[in-house]
Amino acid sequence: MRRAHPRLILIVAALALSLAILFPAYSWCLSSSDTALDLSGKAVDPLKSAAGKVVVLIFVRTDCPISNRYAPTIQRIISAYEGKVAFWLVYPDRAETTDMIRKHDAEYGYKISALRDTEHALVRKSQAKITPEVAVFDASKRLVYHGRIDNWYVDFGRTRSAATTHELDDAIQAALGGRLPPVRVTDTIGCYISDLE
Amino acid sequence: MIRSSRTLPFCLVALSLVTAASSGSGGIARLGAPHRSDSSIGKTERPVTFDRDIAPIIFHDCANCHHAGEASPFTLLTYDDVKSHARQIAAVVRKRQMPPWLPEDGELKFADELRLTDRQISLFQEWIDDGEKEGNAADLPARPNFVEGWRLGKPEVVMTAEKPYLLPAGGDDNYWNFIFRAPVDRVRWLKAMEIRAGDKKLIHHANVQVDRTQSARHLEKEPGAGFGGMELEIESESFDPDSHFLFWKPGSVPYVEPDGMALRLDKDTDLVLNTHMQPSGKAEKVQPTIGLYFTDVPASVFPMLLQLENDRALDIRAGAKDFVVTDDFTLPVDVDLLAIYPHAHYLGKDLLGYATLPDGSTKTLIHIPQWDLNWQAVFRYTAPVRLPKGTSVAMKYTYDNSEDNIANPNHPPQRVMAGNRARDEMAHLWLQVIPLKAAESDADPRKTLLEAFARHRIVKNPADFEAHYNLAAMLQARGQLDEAIAEYSRAVELHPNDATANNSLGGALLASGNSGEAITHFHLALTIRPDYFDAHYNLGNALVATNDFPGAIGQFRACVRLRPDDADAEANLGGALAETGQYAEAKTHLERALDINPNLTLARENLEQLKQLMPR
């Protein structure tokens with residue numbers, strides 16, 4: 001019995017080491033405050049709940065006009081990868097109640113699960129600054145892309161007639177293929193999450 | 001008796017419901033400029049606080065749109081509201097994207113300018129740097145008091161679009177037109193109009209155009225359905241060019257016409273609401289409402305709209321970065337310039353309107369260094385701008401058809417020409433002016449101005465049908481029949497199948513005594529448009545002139561069928577019947593004419609004569 005203890009420590013240490021080599025960008029140790037809440041108030045860690053799947057977190061706000069105008073684009077991408085990718089809507093505004101979020105999701109036709117990230121745990125994990133920013137985690141839950149959905153918005157109040165680059169789509173395709181996306185980080189036009197601190 | 005009151009295509013006409021606090025009677029309680037001087041001068045006490053430094057700017061320049069029920073996507077009234085968007089606000093004001101205001105600051109000032117000072121802009125960042133403090137409640141100015149519902153009180157008449165428009169959740173911007181049947185049974189004078197766009201978040205701006213001949217109705221697939229399209233061409237009458245801007249943009253307070261001015265609304269007039277909508281992310285039903293406010297005082301001051309334009313010069317090659325279009329017109333009379341409305345589509349970059357005065361000095365009328373279609377508006381001067389006779393008013397617009405223009409609707413860029421679709425271009429500058437008489441004895445300055453303007457257009461484009469037509473109508477009104485006939489003939493050569501031009505040419509020929517040729521053109525007009533009341537009426541008169549009374553009776557009967565309540569048609573039918581001895585029926589129609597209009601002297605005299613002739 002006395003010998004078993006150090007061996008156990010050794011195993012853990014080796015595991016930690018190998019994870020560190022494989023996933024340098026991923027801090028794998030989640031504490032309880034690192035979780036968000038689903039609309040029933042239950043703590044949910046979206047990165048643990050879809051083993052082996054690519055996970056996409058989409059940061060939105062009920063009163064952010066830019067994230068709202070993206071709703072049809074977001075839904076198009078969701079349906080294109082249905083079954084292959086786990087999508088979550090993440091609401092970082094503490095002031096937005098579950099009722100407000102339910103109403104908003106119904107109005108904008110969202111059918112995927114929504115999370116309230118009241119402690120900004122997912123914001124930190126995704127390095128998200130803006131709504132609508134997206135974070136793509138590969139099957140090993142490594143953050144491989146965060147930033148804009150596409151380049152439709154060029155500035156506040158200024159859009160192209162249509163996007164000409166599609167960073168979220170590219171990042172998902174890369175993650176599904178086990179590759180790193182060509183672009184890892186982009187800036188997003190939208191509402192500042194830091195205004196909600 | 002000749003009716004050649006014809007209607008001309010004047011494009012895009014409107015009266016601004018933009019702001020104008022100065023003339024606002026009642027309605028919204030707009031603040032003066034609380035604390036503005038504090039924050040616009042040099043240093044502010046640190047830390048910057050919401051109550052003392054930020055709230056006055058928010059209340060004065062932002063809350064008018066950013067409150068519940070208005071056009072903006074979120075409310076900015078309280079400390080919490082502003083704090084939860086603080087960095088976003090700092091960013092958009094720094095880039096001068098908010099508050100939205102296109103014209104550069106210049107010598108001439110516009111009513112309700114929404115332009116922050118550099119000092120005000122930097123206050124937002126300093127507030128964030130200082131930790132977004134709320135401050136001392138004693139410093140907080142009174143919150144603006146917004147009126148809910150109709151801003152000018154209950155309108156006399158409220159019209160609702162018959163059918164809603166279904167705006168999709170996503171996709172391109174949408175342009176939709178709703179036709180409202182003006183519910184007036186006689187001439188009424190419109191003092192103000194409030195457009196309630198339904199969910200105001202969706203409508204970026206809207207124009208109302210007065211359609212006196214119901215010319216837009218044929219564009220609807222079914223009555224009341226409305227129709228798509230970015231630009232409208234509405235026909236309007238030659239001597240009554242719609243002279244008002246009827247424009248709505250988010251946050252605007254209904255504009256009340258100043259003393260002496262009002263917009264005439266006749267029976268059977270349509271009001272066409274042209275809207276620019278942006279999908280919001282969810283599907284929406286849009287069913288706008290318009291409230292009308294009338295006055296019993298008929299208009300005594302008649303502003304006119306002058307349209308500088310050069311659409312024919314718009315042929316922009318793909319990739320062109322600085323494509324310039326100009327137009328200029330020398331005023332034949334003194335005018336007071338009241339308002340200005342620049343208009344281009346997505347390739348417009350730098351829009352300039354300026355005046356060169358007779359002494360050679362120049363005056364910038366408006367300069368928009370970074371055009372953005374989304375924030376187009378009618379801009380009213382704080383005071384009328386006097387431009388003396390001999391002043392040249394000019395526009396110079398620059399277009400960017402390269403990939404650098406992010407608003408470019410074509411990827412890759414393509415050759416673009418003038419047109420009504422969003423991906424076409426336009427080069428228009430509308431000026432609302434009051435033409436002035438230099439001396440009491442002068443001719444009507446409106447007519448002088450219109451004539452000069454029509455001639456200007458013909459110089460620019462000898463094949464300009466409207467210009468020939470307008471010029472002809474003015475010459476005819478002035479009694480220069482031969483010149484009028486020449487201009488009408490040119491218009492008919494350009495558009496041989498235009499019923500109105502044929503009818504008007506016929507009218508001028510008839511007035512000059514050439515009833516034979518007149519009859520030919522009235523018949524042509526009726527071949528093109530068989531239910532054309534004016535042409536039937538004029539043909540009836542021409543046949544009377546050739547003593548063909550049975551023929552005339554047929555034409556006047558058609559008139560009465562088309563417009564059962566037209567007193568002139570009834571009177572003329574009565575007269576023609578009397579000429580052929582059909583006294584009993586003649587009497588019925590003359591009496592009917594007097595029922596409709598007891599003041600119709602000719603009908604009364606004819607009836608008296610008829611009674612003498614009829615066996616007792």
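1. Two residues are in contact if their C-beta atoms, placed from the backbone, lie within 7 Å. By that criterion, and leaving aside residues up to four places away in sequence, Asn177(B) touches Gly226(B), Phe227(B), Gly229(B), Leu232(B), Val272(B), Leu273(B) and Asn274(B). The model discussed in this note is a predicted one.

2. Asn177(B) belongs to strand β5 of chain B, which covers residues 174-181. Is Asn177(B) buried or exposed? A residue is buried if 20 or more other C-beta atoms lie within 10 Å of its own; Asn177(B) has 23 C-beta neighbours inside 10 Å and therefore counts as buried. A further reference point is Ala383(B): 206 residues separate Asn177(B) from Ala383(B) in sequence, and their C-alpha atoms are 33 Å apart in space.

3. The division of chain B into domains gives a frame for the remaining points. Domain 1 consists of two segments, 7-20 and 150-295. Domain 2 covers 29-139, domain 3 covers 304-440, and domain 4 covers 457-613. Between the C-alpha centres of domain 2 and domain 4 of chain B the distance is 62 Å.

4. Strand β14 of chain B (residues 289-295) pairs with strand β3 of chain B (residues 157-160) in the antiparallel sense, over 4 bridges. Strand β6 of chain B (residues 188-196) also runs antiparallel to β14(B), and 7 bridges join these two strands. Gly291(B) appears in both pairings: Gly291(B) is the bridge partner of Val158(B), and Gly291(B) is likewise the bridge partner of Glu194(B).

5. An open sheet of 4 strands is also present in chain B, with the order β15-β24-β18-β21 and antiparallel pairing. Which strands form its edges? They are β15 (304-309) and β21 (379-387) of chain B, each of which pairs on one side only. From one strand to the next, the twist averages 30°.

6. Within that sheet, strand β18 of chain B (residues 335-343) and β21(B) pair in the antiparallel sense, with 5 bridges between them. Opposite Leu337(B) stands Val385(B), a residue of β21(B). As a general matter, the strands of a sheet pair through backbone hydrogen bonds, either parallel or antiparallel.

7. Helix α10 of chain B comprises 14 residues, 515-528. At 1.5 Å a residue, this helix should span 20 Å; the C-alpha atoms at its ends are 20 Å apart, so the expected and modelled values agree. The buried residues of α10(B) are Ser515(B), Ala518(B), Ile519(B), His521(B), Phe522(B), Leu524(B), Ala525(B) and Leu526(B). These buried residues pack against two helices of chain B, α9 (499-511) and α11 (533-545).

8. Chain A contains 6 helices and 11 strands. Of its 197 residues, 40% are buried. Among the contacts in chain A with a separation of 6 or more, 71% are between residues 24 or more positions apart.

9. How many residues of chain A are in contact with chain B? There are 24, and they meet 23 residues of chain B. On the side of chain A that touches chain B, the elements giving two or more residues are α2 (65-69), α3 (71-80), β9 (153-155) and β11 (191-192) of chain A. The residues of this side of chain A comprise 10 nonpolar, 7 polar and 7 charged.

How values were computed
Residues are numbered from 1 along each chain as its sequence is written. Chains are lettered from A and ligands numbered from 1 in the order in which they are written. This is a predicted model: local features need pLDDT of at least 70, side-chain atom pairs count only at pLDDT 80 or more; totals for chains, interfaces and linings use all residues. The expected span of a helix is 1.5 Å times one less than its number of residues. A residue is buried if 20 or more other C-beta atoms lie within 10 Å of its own, exposed if 12 or fewer, and partly exposed in between; C-beta atoms are placed from the backbone. Two strands pair if DSSP finds at least two bridges between them. Axes are lines fitted to C-alpha atoms, for helices over the stretch in contact, and angles run from 0 to 180 degrees between N-to-C directions. Ala, Val, Leu, Ile, Met, Phe, Trp, Tyr, Cys and Pro count as nonpolar, Asp, Glu, Lys and Arg as charged, and the others, Gly among them, as polar. Domain bounds come from an automatic or database domain assignment.
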